[in-house]
Amino acid sequence: MEQLVEDIKLQIIDALNLEDMTPDQIDNDAPLFGEGLGLDSIDALELIVILDKCYGIKLKSPAEGKEVFKSVNCIADYVQKHRTK
Amino acid sequence: MMRIDATNITSPLGLTTAENYAAVKRGETGLKVMDGCLGVSVRFCVGMFTESQRAALQVDGCSWFESLVLHSVQEALSHSSVQASSPRTLLVIGTSTAGIEELGEVPEKDKNFLTPGLAAQKVARRLGFVTTPLVVSNACISGATAQMLAQRLMEAGHYDAAVVCGADVLSSFVLAGFDSFKALSPTVCRPFDLERLGLNIGECAATMVLKNDGQGEGWHIVDGCLNNDAYHVSAPIPSGDGICRTIQKILTPELKDAMACVTAHGTATMFNDQMESKGIANAGLGDIPTTAYKPHFGHTFGASGVVEPIITMCSLDEGLILPVMGFEEIGVSGKIKVCATAESTSKRTFIKTQSGFGSCNGSVIYSRESWPAPARVEVSYETVRQVSITPESLRMDGADAPVEASGATLVSELYKKYLSDGSRFFKMDLFSRLAYIGTGLLAKDSLEGIAPEDIAILLFTVNGSVLADRKHLSTYTHPDEYYPSPSVFINTLPNVVLGEIAMKNTIKGETTLVMLPERDERLKEMIFAATTAATRPAAVLCGWVDCPAEDDFFAELNLLKIKE
């Protein structure tokens, strides 16, 4: 699980071009949107791409991802349960 | 008076204005559900030409985009006395992506790939135009922007006639991009309806031949207004403030009384229609029928601002307001009167609204009646600040500033040193970064005391977003590696940076990106003068930004202020 959390953080940093950010600067439980990382609607769509590309999980819309994308821990939980690759 | 002398619509519904209008009136749609399309294996509902239509329209030695423009312009000109070959005739093309797909065929280091400006040049020469064609790329409001540009250049006396063509074609490039935005409806779209599921993409070219002859019967452009709402590059401002201000700026009480209908953008996305309903209602047009044609054509982007007003002109000529096909129950909170069944009217004036990526909005009023011409006063501007950036240098107000890095890294260095504002900077492509940092340096501490609505952006480019285009191509062309990225795709619309700049510096005036076949100072000055004479902003961020390769770019930008 720890490795998965680390992987997801690196994938987020890479896909969202979070320049100069390291995984330990992202709090596992902090909200990704609004406060916390301050991600926006395009980033939410980009997270959908990460889930598909890295874990074979297909979400249809950002609305479906609302619960999943609450924090890095939430994403890791969801990935562990639903991953197909 | 800017008279519309002739028109054409080339769409899957027909190859002339008459064929298209007849099909729309009969309630036909050019949209079809397809399991996979142009190599993208997703279920789409799209407005695409059939193979036989494509074969008939395809011109040897031309891209599909160019072929479509050629047909539309040629057919429109066949109904007009306007001569393409006159040195007083201009061609303006409004497009969001032009023939972008062709890029895949071109080696990366080849500088002579088909930029939108060069594609326009090629089409212009084939049609016999002798003047340099202009391309405006303002996403979904490209059609209105092209008409405004043509109108202003004619008013300024540079041309007697202008051919305005709005065109965009379907390609895996656009399909994959919008697929990643999760904004596509799997069925025929339903603007303003409670059950709307998103938009359909359609391909189309539509043309208006404009003549500045101050006489003659027929439809003409009364006035138009473009602006930026500085809210978000891809999400419309929930209040509809931007579109509302464009309407308010040009709507007089007399025009309102004469208004038959609003021809809305009505893309059928949740957010656009909600926003637009509020904008229309708040501008005082909630009691006039609102119609929209996307269920017939799909969203044709650069073409939509040309094809849709043409359809309304045809319908009002028959005393009809056509309904929004498929509309059943209102699903927006702005109090507007969506036209659910055909209505009759004797009025001959209407407004076309549109909004797009890059937080831009535009409205244009058309009429068959005579209205006083909008005031145009040539005003003078003085350059108050200058910034130029190359891969090796930064010059500000005539003096070299020390830099450490070079190439693309230099642009990031400048951001960290001078702006570092926590924006989406690192998510932008290099073209956008360059424009963002250049205008940011100019605007810093220089725009205080000026109303946001009174500040404009006018940028010129040759290569636009070509680096982002190539990057986007690489995200979906391999079937096993189909992962189009929304943040890469959005940068393929070169005007998106205008939204970023507007948000950063709170700019709510007109923001436009003009693409030319090559760098041309004379045209830039001419467009600047004609634009400012019509809009009279207090301050303008204006200049060139070009970025053909990671290590080959420049920005030369000025902040100009009006002379009292």
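**Close-up views of a predicted two-chain model**

**View 1. In the second largest cavity, α17(B) contributes more to the lining than any other element, with four residues.** The model is a predicted one. This cavity has a volume of about 70 Å³, and the structure holds five cavities of 30 Å³ or more. Helix α17 spans residues 521-535 of chain B, and β20 (455-461) of chain B likewise supplies at least two residues of the lining. The lining residues include A456(B), I457(B) and L458(B), as well as F528(B), T531(B), T532(B) and T535(B). Also lining the cavity are E510(B), T512(B), P537(B) and V540(B). By class, the lining divides into six nonpolar, four polar and one charged residues.

**View 2. The second largest pocket has residues of chain A and chain B close to its centre.** About 680 Å³ of space lies in this pocket. Its lining is made of 29 residues, and those nearest the centre are D14(A), A15(A), N17(A), K471(B) and V488(B). From chain A, α1 (2-15) and α2 each give two or more residues to the lining. From chain B, the elements that do so are α12 (408-419), α13 (430-443), α14 (466-474) and α15 (486-490). The largest share, five residues, belongs to α2(A). Sorted by class, the pocket lining holds twelve nonpolar, nine polar and eight charged residues.

**View 3. The interface of chain A and chain B brings 20 residues of chain A into contact with 16 residues of chain B.** The two chains bury about 1,500 Å² between them, and 56% of this area is on carbon and sulfur atoms. Six residue pairs across the interface are in polar contact, with both residues at pLDDT 80 or more. On the side of chain A that touches chain B, helix α2 (residues 41-55) of chain A provides the largest share, nine residues. That side of chain A comprises nine nonpolar, two polar and nine charged residues.

**View 4. A salt bridge links R424(B) to D40(A) across the two chains.** The closest N and O atoms of this pair are 3.9 Å apart. Why does the pair R424(B) and D40(A) count as a salt bridge? The cut-off is 4 Å, so a separation of 3.9 Å between R424(B) and D40(A) satisfies it. Across the interface of chain A and chain B, the rule finds two salt bridges.

**View 5. The side chain of Q53(B) approaches the backbone of P12(B).** A polar atom of the Q53(B) side chain lies 3.0 Å from the backbone oxygen of P12(B). Q53(B) is part of helix α2 (residues 51-57) of chain B. Leaving aside residues up to four places away in sequence, Q53(B) touches S11(B) and P12(B).

Note on methods
Residues are numbered from 1 along each chain as its sequence is written. Chains are lettered from A and ligands numbered from 1 in the order in which they are written. Side-chain values use heavy atoms; hydrogens and water are left out. Contact means heavy atoms within 4.5 Å. Buried area is the accessible area (1.4 Å probe) that two parts lose on being put together, summed over both. A salt bridge is a side-chain nitrogen of Lys or Arg within 4 Å of a carboxyl oxygen of Asp or Glu. A polar contact is a pair of N or O atoms within 3.5 Å; within protein, one must be able to donate a hydrogen and the other to accept it, and residues adjacent in sequence count only if both atoms are side-chain atoms. Ala, Val, Leu, Ile, Met, Phe, Trp, Tyr, Cys and Pro count as nonpolar, Asp, Glu, Lys and Arg as charged, and the others, Gly among them, as polar. On a 1 Å grid over the protein atoms alone, a cavity is a set of points where a 1.4 Å probe fits but cannot get out, and a pocket is an open set with protein on both sides within 12 Å along at least five of seven lines; lining residues have an atom within 4 Å of a point. Grid points are joined across faces, edges and corners, and a volume is the space filled by probe spheres set on the points.
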